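Hi everyone, thanks for making time for this. I'd like to walk you through a structure that may be new to you, so please have a look at the screen.

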Amino acid sequence: MKIKSLGRVGDAGATEHYADPLYYTKTYKDRTHDVDYYAKLAKRSKGPVLEYGIGNGRVALAIAKAGVRVTGVDLSQPMLESLAAQLKTLPKSLQARIDFQQGDMREVSLGRRFPLVIAPFNCVLHLYERRDMEAFLARVREHLAPGGRFVFDFSVPHGEDLCRDPEKAFGAPRIRHPTTGELTRYAERFEYDRLRQLLLVKMDFSPEGKSKPWTVPLTHRQYFPREMEALLHYNGFGEIFFTADFTDEAADQQVDSLVVSCAAR
Ligand SMILES: C[S@@+](CC[C@H](N)C(=O)[O-])C[C@H]1O[C@@H](n2cnc3c(N)ncnc32)[C@H](O)[C@@H]1O
């Protein structure tokens, strides 16, 4: 798959990585700093919270466990089915705090307003064109209660990733794939489209057992920090604060994820 065939909302680069929730859960099980951060924010806001890209509930379940109601929107049916299956195993009081619906974050209108709207873990990097981001920001404004905050995070473009040889594979330790059960070699290749600012990560899985190898594409728009600030400013947001890596500290040159907090003007 070539980058030129990707870059539309909802295409393979925005969906295939989320087609296997078991693998997703295993891959990100140690990523907890962002979950704790959003759960604390949710508690402080008292909720309810609107989470764009709720996925299979990595963040939403922690928010509900903290006693706050959360409504989610996500495009991926497999991720939402995984969330529904997990909810069935949890106490009814917790189940009652989470509701969700399938849909595109540029389009869904819930007819309700929230004191806190969040879009965790690079969700906005699946908005590839300016008009996608603008449609999304209009939906966020529509769902924010007066005085409410919109908080999201995104990986800062990293020079090294943007100039890699697309044919070069970067190997990682073998994993036991949770879906096939087979020991599987894993490698990533990176291709960057510098005009559309799209980074395609090709995730190559090579099982050592009977299954055939396969590749999963993941396309992320590369938003440079000042570009993100301009998009927010010119789409009706103010009080825009950038902090680093879920610490609430100012960002330095080593920042990985920028956390953005803003309000409708
Ligand atoms: C990296 S995951 C984050 C999931 C969850 N918030 C978490 O932190 O684990 C990004 C999520 O955005 C969803 N997504 C991608 N494009 C979307 C769109 N246009 N509308 C709604 N959700 C979308 C994906 O299905 C995926 O669940």
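Let me begin with a term: two strands count as paired if DSSP finds at least two bridges between them. One more thing before we go on: what you see is a predicted model.

With that in hand, let's take one pairing. Strand S6 and strand S7, which covers residues 183–193, run antiparallel to each other and share five bridges. If you'd like one bridge to look for, find Gly171: its partner in S7 is Ala187.

Now let's step back to the sheet. How many strands does this open sheet have, and in what order? There are four, in the order S6-S7-S8-S9, and the pairing is antiparallel. At the edges you'll find S6, residues 170–176, and S9, residues 214–221. Each of these two has a single partner strand, so one of its sides has no neighbour in the sheet. Going from one strand to the next, the twist averages 25°.

Let's move on to the cysteines. A disulfide is a covalent bond between the sulfur atoms of two cysteines. How many disulfides do we count here? The count is zero, taking a cut-off of 2.5 Å between the sulfur atoms. For Cys123, the nearest cysteine sulfur belongs to Cys262, and it is 14 Å away. Cys262, likewise, is in no disulfide.

And are these cysteines buried or exposed? Cys123 is buried, because its relative accessibility of 9% falls under the 20% cut-off. Cys262 is buried too, with a relative accessible area of 0%.

That's my tour, and I'm happy to take questions.

Terms used
Residues numbered from 1 in each chain as written. Predicted model: local features only at pLDDT ≥ 70, side-chain atom pairs only at ≥ 80, totals over all residues. Heavy atoms only, no water. Axes fitted to C-alpha atoms, helices over the stretch in contact; angles between N-to-C directions. Buried < 20%, exposed > 50% of the residue type's maximum accessible area, 1.4 Å probe, protein only.
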